Amino acid sequence: MVVHELSRQEARRIAVRAQLLDCARPSGMAQVVRHLTFLQVDWTSAVAPSADLVLWSRLGSAYRPAELARALETRSLVDLRGRIRPREDLALYTARMAAWEGRTGLKDWEVGQRAWVRANDACRRDILARLDVDGPLPASAFPDLCAVPWGSSGWNNNRNVGMLLDLMVRRGEVAVAGYDGRERLWDVAARVYPDEVVPEARAAHIRGERLLRSLGIARPRQSEDSADLGQVGEPARVAGVRGVWRVDPAQLGRPFQGRAALLSPLDRLVFDRRRMAELFEFDYAVEMYKPAAKRRWGYYALPILYGDRLVGKLDATADRKAGVLRVDAVHEDARFTKAMRAAVTAEIRDLARWLGLPLDLPGEFA
């Protein structure tokens, strides 16, 4: 098979277009979620929750967060381990869930997780019994009957019920049935997931196809969805970048017309930081966990896309108490041209309009 030789610019344009961030905006929320395959759940709302920001970046201020809330309420979209997916796509994961207990070739930490669930079987059965009668229920409705506590050096230490629910999701026993505010409501999976089950080998291939279609270009091994992309797409090399990639052949040779976009820090164009650095040569990190004095770009800076380049970061805060979208800085990786400044300013104004907040802009952008 021919290995496609791509310039960095060609690879970037494939990635931007595949992520629905070029001029050809999608028609609606459902189209975006199906194409991207999932939205990451993150409630940090320095500007807006990440899932809403991702949708606004593609759809503009016509998008309403109530659309996403309604889709979750009606279960046309479902939260699977912190990722919002079309309900029908869950058929691609249920076979893998069903095989969790009997899988072989596990890593040590996976063996430890399985042993921990078995050691707390009484608590697991109590959760299922309560959900069967009274579900959906919040995690706070379940008493901690775990005989063996969850041990961790991090913030999950002794969060027994929460960790058990997460592992019961992996086993295909429970599912997120909706939300009460930002709190997940749990139910038995059979009442949430579709009846269809796609055999795991076929499901893994479909997941790989859909993942590559959504990214455009990616490394053969991806942590997302346990996907091995070596059997999908076609091989490609990117000038100046080591190794072989997989590219969606449907993206090759297509015209490109870019635009400006403000991205969530969890947007999939930038979420894989290695891929972001290799293709876009962009220096970026989320700094919300750093002391204020050590931040270069801000608490929740939004990457700025212009055409096929990531060109800067927007340090902005939706200050709802003061009733304003406050822009503290627009960090330019290289000085913006007049056209770039106008396009980025238009996106900032659209962001304020979407949030329903007056805009406080620095003088040079006002």
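Which residues of helix 4 are buried? Select helix 4 (65-74) and you'll find Leu68, Ala71 and Leu72. Here "buried" means under 20% relative accessible area, "exposed" means over 50%, and "partly exposed" is in between (1.4 Å probe, protein chains only). Helices (H or I, at least four residues) and strands (E, at least two) are DSSP runs, numbered from the N terminus.

Before you click further, know that this is a predicted model, where local features need pLDDT of at least 70, side-chain atom pairs count only at pLDDT 80 or more, and totals for chains, interfaces and linings use all residues. Residues are numbered from 1 along each chain as its sequence is written, and side-chain values use heavy atoms, with hydrogens and water left out.

**Stop 1: around helix 4**

Look down the axis of helix 4: its buried residues cover an arc of only 100 degrees, which puts them on the same side of the helix. That arc is taken from the directions from the helix axis to the C-beta atoms. Now select Glu73 and Thr74, which are exposed on the other side of helix 4. Show the surroundings too: the buried residues pack against several elements, including helix 2, helix 3 and strand 6 (174-180). Contact here means heavy atoms within 4.5 Å. Just after the helix, arginine 75 takes a positive phi of about 65 degrees.

**Stop 2: helix 2**

Move to helix 2 (29-36) and colour Met29, Val32, Val33 and Leu36, which are buried. Seen down the axis, these buried residues fall within an arc of 90 degrees, so they line one face of helix 2. An α-helix has 3.6 residues a turn, so residues three or four places apart point the same way. Step past the end of helix 2 and you meet threonine 37, with a positive phi near 80 degrees.

**Stop 3: the largest core**

A nonpolar core is a set of buried Ala, Val, Leu, Ile, Met, Phe, Trp, Tyr and Cys residues joined through side-chain atoms within 4.5 Å. The largest one has 45 residues, and those touching the most other members are Met29, Leu39, Leu53, Leu68, Leu314, Leu351 and Leu355. Among the elements that each supply at least two residues to this core are helix 3 (50-59) and strand 13 (309-319). Helix 12 gives the largest share, seven residues. Want a second one? A separate core of 36 residues includes Leu164, Met168, Ala175 and Tyr193.

Now zoom in on leucine 314. Leaving aside neighbours within four places in sequence, leucine 314 is in contact with ten residues' worth of scenery, including Leu262, Tyr300, Val327 and Ile348. Next, pick leucine 55 in helix 3. At 0% relative accessibility, leucine 55 counts as buried. Its contacts, not counting residues up to four places away in sequence, include Met29, Leu39 and Leu68.

**Stop 4: aromatic rings**

The structure holds six aromatic pairs. Rings of Phe, Tyr and Trp (its six-membered ring) pair if their centres lie within 6.5 Å; planes under 30 degrees apart count as stacked, over 60 as edge-to-face and the rest as tilted. Select tryptophan 56 and tryptophan 354: their ring centres are 5.8 Å apart and their planes are at 20 degrees, so the pair is stacked. Tryptophan 56 sits in helix 3 and tryptophan 354 in helix 12, 298 residues apart, so to speak from distant parts of the chain. Both tryptophan 56 and tryptophan 354 are buried. Add Tyr63 to your selection, and you have a cluster linked by ring pairs.

For a ring with a charge, try phenylalanine 38: the charged end of arginine 83 sits over its ring, 4.3 Å from the centre. That label applies if NZ of Lys or CZ of Arg is within 6 Å of the ring centre and within 35 degrees of the ring normal.

**Stop 5: buried charged residues**

Go to arginine 268 in helix 10 (residues 268-271). Arginine 268 is buried, with a relative accessible area of 7%. Not counting residues up to four places away in sequence, arginine 268 touches Glu224 and Arg275, among others. Then select glutamate 347 in helix 12, which is buried, with a relative accessible area of 11%. Among the residues that glutamate 347 touches, beyond four places away in sequence, are Arg25 and Arg259.

**Last stop: a loop**

Finish at proline 136, in the loop between helix 7 (121-134) and strand 5 (137-138). A cis peptide bond joins glycine 135 and proline 136, with omega about 5 degrees.
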